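Hi,

Here is the structure I said I'd pass on to you. Have a look at it first, and then read my notes underneath.

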Amino acid sequence: MGPSDPAASDVQDAKRARTEQSGPEPMAVDEAANGTTTAEQQAQAAAGPSMRSLMVQYYRRLFPVQQMFKWLCYGNDGSHAAADVSFSSRRELCFTLDGDIFVRYQSYKSWSDLHSDLVHKVPSKIDIGPVYTHDPRQRAKYAKDFKPVQRELVIDID
């Protein structure tokens, strides 16, 4: 079956007729639906991964969240009988998100909770806050009693 073969021509005509009856190819529909052209996709691919996707991978695979969580607990991680198991849930963390959005009064009971929040929120900056008398997420419930009981020395040189 060569290019001038009548049987080959019939096969191509049949394919063309099926395409015309069934509509555009699925890829053409997907590209039209999301509004990206091949040139735009090529430009995005040439630019490389976005900063957000790199940060997600960083928090997912490289960030030492277990070590940081243990360090912030100061031995109150439940590894011994005298540990204060509520200590970590009373520690405030503040995240700075894209667009300088501050998310304050974050607290976590376990390193895995912190890890999933880091991967989900992808903060560009993490501030370590004080340890409060109560869980910072419940500050409205304990408004009269809610105050810091322990802070770190912080020196911010800009």
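Before we get to the helix α6, one bit of vocabulary: two residues are in contact when they have heavy atoms within 4.5 Å of each other. Also keep in mind that this is a predicted model.

Let's start with α6, which runs over 111–121. Which of its residues are buried? They are L114, D117, L118 and V119. And what covers them? The cover includes the helices α4 and α5, plus the strands β1, β2 (101–106) and β3 (125–132). Just after α6 comes V122, which takes a positive phi of about 50 degrees.

Two of those α6 residues turn up again in the largest nonpolar core. This core has 17 residues, and the ones touching the most other members are Y59, F63, L93, F95, Y108, L114 and L118. Where do the core residues come from? At least two each are supplied by α4 (51–62), α5 (65–73), β1 (91–97) and α6 (111–121). The top contributor is α5, which gives five residues.

Y59 is a nice one to click on. If you skip its neighbours within four places in sequence, Y59 is in contact with H115, L118, V119, V122, P123 and I126. So you'll meet V122, the residue with the positive phi, here too.

Next, the empty space inside. How many cavities of 30 Å³ or more are there? The count comes to one, and the largest cavity has a volume of about 60 Å³. Its lining is made up of F69, L72, C73, S88, R91, L93, S107 and Y108. Sorted by type, that is five nonpolar residues, two polar and one charged. Both α5 and β1 supply at least two residues of the lining, with α5 giving the largest share, three residues. L93 and Y108 line this cavity and are also among the core residues that touch the most other members.

Last, the cysteines. C73, one of the residues lining the cavity, has 2% relative accessibility, and because the cut-off for buried is under 20%, C73 counts as buried. C94 has a relative accessible area of 9%, so C94 is buried by that rule as well. How many disulfides does a search of the whole structure find? The answer is zero.

Have fun turning it around on your screen!

Cheers

Definitions and conventions. Residues are numbered from 1 along each chain as its sequence is written. This is a predicted model: local features need pLDDT of at least 70, side-chain atom pairs count only at pLDDT 80 or more; totals for chains, interfaces and linings use all residues. Side-chain values use heavy atoms; hydrogens and water are left out. A nonpolar core is a set of buried Ala, Val, Leu, Ile, Met, Phe, Trp, Tyr and Cys residues joined through side-chain atoms within 4.5 Å. Buried means under 20% relative accessible area, exposed over 50%, partly exposed in between (1.4 Å probe, protein chains only). Helices (H or I, at least four residues) and strands (E, at least two) are DSSP runs, numbered from the N terminus. On a 1 Å grid over the protein atoms alone, a cavity is a set of points where a 1.4 Å probe fits but cannot get out, and a pocket is an open set with protein on both sides within 12 Å along at least five of seven lines; lining residues have an atom within 4 Å of a point. Grid points are joined across faces, edges and corners, and a volume is the space filled by probe spheres set on the points. Ala, Val, Leu, Ile, Met, Phe, Trp, Tyr, Cys and Pro count as nonpolar, Asp, Glu, Lys and Arg as charged, and the others, Gly among them, as polar. A disulfide is a pair of cysteine sulfur atoms within 2.5 Å.
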